[in-house]
Amino acid sequence: MPDEPPTSGVAEWTRAVELDRLQPSRPVAVKLRGKHVALFLHQGEILACNNRCPHEGYPLVEGALDADCVLTCNWHNWKFDLKTGATLYGGDNLRIYPVKVEDGAVWLDTRDPPPAERMERALEHLDQAMAEYDTARIARELARLGKAGAKPELALVRGIHGTHARLRDGMTHAYAAAEAWLRLRDALAGDAPRLACATEALAHIAFDTLRERTYPFTAERAPWNAEDFAAAIESRDEDGAAALLNGALAQQLHFADLEPALAEAALAHYNDFGHSLIYLMHVRRLIERLGTEVEKPLLLAWLRSLVYATREDLLPDFRGYAETLAAWPASARPGGMLPGADAFEEQSPRHVLNATVAAAGSAPLDVYFALMEASARHLLRFDERHALRTDNSAANNVGWLDFSHALTFGHALRQQCARQPHLWPPGLLQLALFVGRNSGYLDPNMAARTAIREWAVTDETAFHERAIATIVDHGVGLPVFPAHWLKTWSAVRDETAAGLPTGARTAMLAAVNRLLAVRFKQRHALRTAHQALGMAGKED
Ligand code: FES
């Protein structure tokens, strides 16, 4: 859509330049009411546009205007129809100003379009920028949206509606991180860091849906019933589960009404390495921030990710989960020895499961603290060579995010169990599986005490300031990595604010300190080649 001139109100004509200053080969630049304008005389017609190229600001008065009235910016070759402002090659459109000639001078109507019109235009252009994963343009359109008086939440609501059915496997880290980016934005003061956070939120969504077609959800409705919902998820029936969700929303039920059933479904198995519960927490927070109009798209996307979730409790290493959960005493008697992190550190999944169920008599929060401290110690002791090596099997594709997930899952678990305490047993046992799984990738020569000392956070205020600076200006190409820096730091910060025993607090802060110093290996070309050759070699 070309940049339209103002359509309402009274024209505000401003004398711009004497008519005889304009020559066909000599455009003129003027500054009027704070606006930089370029004026051209083209085949007897006077045309005026913003002198700053909407791409990166090159002065268009220096551009090349051809016989068809196409103005080319000489910096990166974007081309504009100077009569309408439409971009013929490039991205953002060009602002055009109405012109009149009077008293031997050129006059411009410098009114801005009404804010609502500018917002709508910025949103439309943002759609285009997201469809192309053009992060610089996403930032520019968000800046224009803000200048028109709108918050990035408006763009996020629209972005969620426009993308939720293009996530083939359902919700990804993009929506979860979007919530975290906006929360970080709330805490920042400068315009640029705040815009960077909003841009990251939208850009990650654009990245995850780039060139994806739509995978429609069913529009069927069924009366809401929590047992039927659990059964539909259990049988991986997306249409059945979505119909129940559609029915619930049509019955005017909202997230808070459905949350108990959703959380139980998320924790029904050790699945998707904890993402189901992590995502649910972010869905709740997004709905709290953005309102009920995002309930349906978010819940449908989340539901799809749960239907397609991997089932780690079917893998040999984690198969003990169901029987251990069944062994959890129905009414645990208080007492017994409260386990510390030592009881869980560097132990197999089976051992950690058993140690966790043995602690069932302790307060769940105390067991939680010990498991979280063990998770943090593991991150601190992670032998990075496992993340870097090229000759490992696919089963041992382990990286930093396997360790950070233990902390973000734990954080989501604590939040959920504050609302539904009966979920502690499955949640603690799933946290135990993170701890047990990660035990296999530790540096045997690195003691937890040494690692904690090395990465200790002594000044928390300074540390959080440094963490925010690292996260906002991350410089990492794939959005999933800074998203994990952000979510892990944010989880640990929230945990420390909620209250942690000294051991867990010290280890968790040190762990996130180490994580923020990591230089992520974002691609594994040689490892992938080794694994592909191994696979192909065994197929005949
Ligand atoms: S600044 Fe004009 S095309 Fe890039």
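The exercises below, each with a worked solution, concern a predicted model.

**Exercise 1. The nonpolar cores**

Determine which residues have the most contacts inside the largest nonpolar core, and which helix contributes the largest share of this core.

Solution. Begin with the extent of the largest nonpolar core, which has 142 residues, and then rank its members by contacts inside it, which brings out Leu184, Phe229 and Trp302. Next, sort the core by secondary structure: helix α13, residues 364-381, supplies the largest share, and this share amounts to ten residues. Then look for any core that is separate from this one; a second core of 15 residues is found, including Ala38, Val61, Phe80 and Leu94. Finally, take Phe229 as an example and set aside its neighbours within four places in sequence, after which its contacts are Trp224, Ala241, Leu244, Leu262, Ala265, Trp302 and Leu303. Trp302, one of these contacts of Phe229, is also named among the residues with the most contacts inside the largest core.

**Exercise 2. Salt bridges**

Find how many salt bridges a search of the whole structure gives, and examine the pairs formed by Glu117 with Arg121, by Arg168 with Asp169 and by Arg311 with Asp313.

Solution. The search of the whole structure returns 39 salt bridges. For the pair Glu117 and Arg121, the side chains meet with a distance of 3.1 Å from N to O. Because these two residues are four apart in helix α1, residues 115-131, about one helical turn separates Glu117 from Arg121. To classify Arg121, compare its relative accessibility of 7% with the cut-off for buried, which is under 20%; Arg121 therefore counts as buried.

For the pair Arg168 and Asp169, the closest N and O atoms are 3.5 Å apart, and Asp169, with a relative accessibility of 44%, counts as partly exposed. For the pair Arg311 and Asp313, the side chains meet at 2.8 Å, N to O, and Asp313 is buried, its relative accessible area being 9%. As a last step, follow salt bridges that link into a network, where Asp342, Glu345, Glu346, Glu373, Arg377 and Arg381 are joined.

**Exercise 3. Two open sheets**

Work out the strand order of the three-stranded sheet and of the four-stranded sheet, and identify the strands at the edges of each.

Solution. In the sheet of three strands, the order is β1-β11-β10, the pairing is antiparallel, and the sheet is open. The edges are taken by β1 (13-18) and β10 (99-102), each of which has a single partner strand, so one side of each lacks a neighbour in the sheet. From one strand to the next the twist averages 35°.

The register can then be read from the bridges. β1 pairs with β11, residues 105-109, in the antiparallel sense over five bridges, and Arg15 has Trp107 of β11 as its bridge partner. β10 pairs with β11, also antiparallel, over four bridges, and Lys100 is opposite Trp107. The hairpin of β10 and β11 has two residues between its strands, and there Asp103 adopts a positive phi near 55°.

In the sheet of four strands, which is likewise open and antiparallel, the order is β5-β6-β7-β8. Here β5 (64-65) and β8 (87-89) are the edge strands, and since each has a single partner strand, one side of each is left without a neighbour in the sheet. Strand β6, residues 70-72, is joined to strand β7, residues 79-81, by three bridges in the antiparallel sense, with Thr72 standing opposite Lys79.

**Exercise 4. The surroundings of His42 and Thr172**

Describe where His42 and Thr172 are placed, and which residues they contact beyond their neighbours within four places in sequence.

Solution. His42 belongs to strand β3, residues 35-42, and at 8% relative accessibility it counts as buried. The side chain of His42 reaches the backbone oxygen of Ala67 at 3.4 Å. Once neighbours within four places in sequence are left aside, His42 is in contact with Leu47, Leu65, Asp66, Ala67, Asp68 and Cys69.

Thr172, by contrast in placement, lies in the loop between α3 (152-163) and α4 (173-186). A polar atom of the Thr172 side chain lies 3.1 Å from the backbone nitrogen of Ala174. Leaving out neighbours within four places in sequence, the contacts of Thr172 are Leu167, Asp208 and Tyr279. As a final distance, the C-alpha atoms of Thr172 and Ala248, which are 76 residues apart along the chain, are separated by 23 Å.

Definitions and conventions:
Residues numbered from 1 in each chain as written. Predicted model: local features only at pLDDT ≥ 70, side-chain atom pairs only at ≥ 80, totals over all residues. Heavy atoms only, no water. Core = buried A, V, L, I, M, F, W, Y, C linked by side-chain atoms within 4.5 Å. Buried < 20%, exposed > 50% of the residue type's maximum accessible area, 1.4 Å probe, protein only. Contact = heavy atoms within 4.5 Å. Salt bridge = Lys/Arg side-chain N within 4 Å of Asp/Glu carboxyl O. Pairing = 2+ DSSP bridges. Axes fitted to C-alpha atoms, helices over the stretch in contact; angles between N-to-C directions. Polar contact = N/O pair within 3.5 Å; in protein donor to acceptor, adjacent residues only side chain to side chain.
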